[in-house]
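Please open the model in your viewer and keep the selection tool at hand. We will go from one selection to the next, pausing at each stop to say what is there.

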Amino acid sequence: MRNHDIMEKVLLQKADSKFKDEIAQKIGIEEIKPCYTCGSCTGVCPVRKVIEDFDPRRIIHMIVLGMRDEVLSSDLIWFCCLCNSCYFVCPQGIRFSRIAAELQKMALSEKYVDENFLKRLEPVNSYLQDLCRLTMFKKVNEGFRGTHTMPCWRKDTVKNG
Ligand code: SF4
Ligand code: SF4
């Protein structure tokens with residue numbers, strides 16, 4: 001058996017099929033809608049542009065596969081700066097920022113990370129938040145449109161319509 005097959009088998013044996021429902025319940029939504037894996041979220045994400053490994057589509061996929069341990073122990077869940085850019089382009093209306101915020105709370109309460117980790121993360125977070133803000137201002141100025149409407153886009157649409 002190839003290494004890749006062994007790894008997949010091990011991961012599927014450990015899979016927690018209720019993981020995505022658990023997250024949905026914590027967020028207060030009925031379900032995390034099926035992801036089309038279209039990649040629009042990843043394409044628009046400003047964090048992805050500076051941290052190549054950060055990929056919201058992949059994290060959603062891991063959640064759907066029930067990879068609870070892998071997701072909650074991953075540093076990557078801490079890099080979402082909650083800017084909501086991906087929500088506005090997702091055809092399924094998946095609000096990744098809410099999922100990420102919940103994953104962070106779970107990782108903290110289940111001791112996957114500690115206070116020292118959060119302290120070390122502070123400068124990275126403040127850099128990522130500035131970057132996200134700047135990117136979104138730029139996109140709005142360029143007339144960027146998504147499947148959902150941000151308040152600033154709506155004003156612009158009314159002005160142009
Ligand atoms: S934009 Fe939505 S549907 Fe497309 S990959 Fe991202 S989460 Fe899935
Ligand atoms: S909320 Fe912003 S930073 Fe987080 S995954 Fe979506 S686009 Fe990226």
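**A tour by selection**

Begin with the shell around ligand 1, which by class is made up of eight nonpolar, four polar and one charged residues. The model you are looking at is a predicted one. If you select the residues that surround ligand 1, you should have 13 of them, and the closest are Cys35, Cys38, Ser40, Cys41 and Cys90. Now colour helix 3 (40-44) and helix 4 (56-64), since these are the elements that give two or more residues to the shell around ligand 1.

Next, select helix 2, which covers residues 19-27, and pick out its buried residues, which are Phe19, Lys20 and Ile23. Turn the view until you look down the axis of helix 2: its buried residues fall within an arc of 100 degrees, so they line one face of the helix. When you add helix 4, helix 5 (68-72) and helix 6 (96-109) to the display, you have the partners against which the buried residues of helix 2 pack. Before leaving, step to glycine 28, which follows helix 2 and has a positive phi, near 90 degrees.

Then turn to the largest nonpolar core, which has 30 residues, and select Ile63, Val71, Ile77, Cys86 and Phe96, the residues with the most contacts inside it. To this core, helix 2, helix 3, helix 4 and helix 6 each supply at least two residues.

As a last stop, centre the view on cysteine 86, which, if its neighbours within four places in sequence are left aside, is in contact with Cys41, Val44, Cys45, Pro56 and Phe96.

How values were computed
Residues numbered from 1 in each chain as written. Chains lettered and ligands numbered in written order. Predicted model: local features only at pLDDT ≥ 70, side-chain atom pairs only at ≥ 80, totals over all residues. Near = placed C-beta within 6 Å. Helix = DSSP H or I, 4+ residues; strand = E, 2+ residues; numbered from the N terminus. Nonpolar A, V, L, I, M, F, W, Y, C, P; charged D, E, K, R; others polar. Buried ≥ 20, exposed ≤ 12 C-beta atoms within 10 Å, placed from the backbone. Arc of directions from axis to C-beta. Contact = placed C-beta atoms within 7 Å. Core = buried A, V, L, I, M, F, W, Y, C linked by C-beta atoms within 7 Å.
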